[in-house]
Amino acid sequence: MASPMVATPIRLSSLRYAPPSPAPRGRFVAARVKASAEAMATEKLGVRVERNPAESRLSELGVRQWPKWGCEKSKFPWTYSAKETCYLLQGKVKVYPDGEEGFVEIAAGDLVVFPKGMSCTWDVAEAVDKHYKFE
């Protein structure tokens with residue numbers, strides 16, 4: 001038979017208040033912000049997507065200096081001969097990697113990395129305008 005729980009009285013005078021510690025400043029806050037931004041990046045079917053990265057991240061990568069490319073609503077096959085990083089300024093696309101079931105949806109505000117050697121089909125639902133960089 002289990003023993004009954006017995007509450008043990010405590011004196012309130014024995015409890016001590018500990019004020020919350022101050023919020024970290026400087027590099028610790030920056031590290032936490034950076035970690036949470038990176039946590040928002042996902043990888044699916046070999047494609048890495050970072051949704052709405054901070055402008056500071058885009059500046060760090062030099063995205064605004066990369067060349068631009070765009071296309072109208074269309075559907076076409078594509079093979080990446082090099083790793084591509086791109087930032088969509090506008091548009092909506094479903095990318096279907098060859099040999100995989102499913103797709104990766106990307107849209108305006110996404111920073112996307114496609115691996116070298118990937119073959120896929122782009123199904124452009126809304127006209128695309130993007131900055132891109134091949135490595």
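## Exercises on a predicted model

The second largest pocket of this protein chain holds about 160 Å³ of space, and the model in which it is found is a predicted one.

**Exercise 1. Describe which residues line the second largest pocket, and find which element gives the largest share of the lining.**

Step one is to list the lining, which is formed by Trp69, Phe76, Trp78, Tyr80, Glu84, Trp122, Lys130, Tyr132 and Phe134.
Step two is to assign these residues to elements: β4 (74-79) and β8 are the elements that give two or more residues to the lining, and β8 supplies the largest share, with four residues.
Step three is to sort the lining by character, which yields seven nonpolar residues, no polar ones and two charged ones.

**Exercise 2. State how many helices and strands the protein chain has, and in what order its elements run.**

Begin by counting the elements: the protein chain has two helices and eight strands.
Then follow the chain from the N terminus, where the order of the elements reads α-β-β-α-β-β-β-β-β-β.
Next, consider burial, for buried residues make up 28% of the 135 residues in the chain.
Finally, turn to the contacts with a separation of 6 or more, of which 75% are between residues 24 or more positions apart.

**Exercise 3. Work out how β2 is paired with other strands, and which residues stand opposite each other.**

First, take strand β1 (residues 41-44), which pairs with β2 in the antiparallel sense over four bridges; within this pairing, lysine 44 has valine 47 of β2 as its bridge partner.
Second, look at the pairing of β2 with β7, which is also antiparallel and also runs over four bridges, and in which valine 49 stands opposite valine 112 of β7.
Third, examine the hairpin of β1 and β2, where two residues lie between the strands and leucine 45 takes a positive phi near 55°.

**Exercise 4. Identify which members of the largest nonpolar core touch the most other members, and which elements contribute to this core.**

To start, note that the core has 18 residues, and that Ile106, Val112, Phe114 and Trp122 touch the most other members.
The elements that give two or more residues to this core are β2 (47-51), β5 (84-97), β6 (104-107), β7 (110-114) and β8 (119-134).
Another core, of five residues, lies apart from this one and includes Leu58, Val63, Trp66 and Leu111.
As a closer look at one member of the largest core, valine 112 is in contact with Val47, Arg48, Val49, Glu84, Thr85, Cys86, Leu88 and Ile106, once its neighbours within four places in sequence are left aside.
As general background, nonpolar side chains in soluble globular proteins tend to be buried together.

**Exercise 5. Decide whether valine 104 and threonine 85 are buried or exposed, and list what each of them touches.**

Valine 104 has its place in strand β6, and, because its relative accessible area of 4% is under the 20% limit, valine 104 counts as buried.
Leaving out residues up to four places away in sequence, valine 104 touches Lys44, Leu45, Val47, Val49, Val93, Lys94 and Val95.
One of these contacts joins parts of the chain that are far apart in sequence, since valine 104 and leucine 45 are 59 residues apart along the chain, while their C-alpha atoms are separated by 7.3 Å.
Threonine 85, found in strand β5, is treated in the same manner: its relative accessible area is 9%, which is under 20%, and therefore threonine 85 is buried.
Its contacts, again without residues up to four places away in sequence, are Trp66, Leu111, Val112, Val113, His131, Tyr132, Lys133 and Glu135.

**Exercise 6. Locate leucine 45 and asparagine 52 and say how accessible each of them is.**

The background for this exercise is that most residues other than glycine have a negative phi.
Leucine 45, although not a glycine, has a positive phi of about 55°, and leucine 45 lies in the loop between β1 and β2.
Because its relative accessibility of 26% falls between 20% and 50%, leucine 45 counts as partly exposed.
Asparagine 52 is likewise not a glycine and has a positive phi, of about 45°, and asparagine 52 is placed in the loop between β2 and α2 (55-61).
With a relative accessible area of 58%, which is over 50%, asparagine 52 is therefore exposed.

Note on methods
Residues are numbered from 1 along each chain as its sequence is written. This is a predicted model: local features need pLDDT of at least 70, side-chain atom pairs count only at pLDDT 80 or more; totals for chains, interfaces and linings use all residues. Side-chain values use heavy atoms; hydrogens and water are left out. A nonpolar core is a set of buried Ala, Val, Leu, Ile, Met, Phe, Trp, Tyr and Cys residues joined through side-chain atoms within 4.5 Å. Buried means under 20% relative accessible area, exposed over 50%, partly exposed in between (1.4 Å probe, protein chains only). Contact means heavy atoms within 4.5 Å. On a 1 Å grid over the protein atoms alone, a cavity is a set of points where a 1.4 Å probe fits but cannot get out, and a pocket is an open set with protein on both sides within 12 Å along at least five of seven lines; lining residues have an atom within 4 Å of a point. Grid points are joined across faces, edges and corners, and a volume is the space filled by probe spheres set on the points. Ala, Val, Leu, Ile, Met, Phe, Trp, Tyr, Cys and Pro count as nonpolar, Asp, Glu, Lys and Arg as charged, and the others, Gly among them, as polar. Two strands pair if DSSP finds at least two bridges between them.
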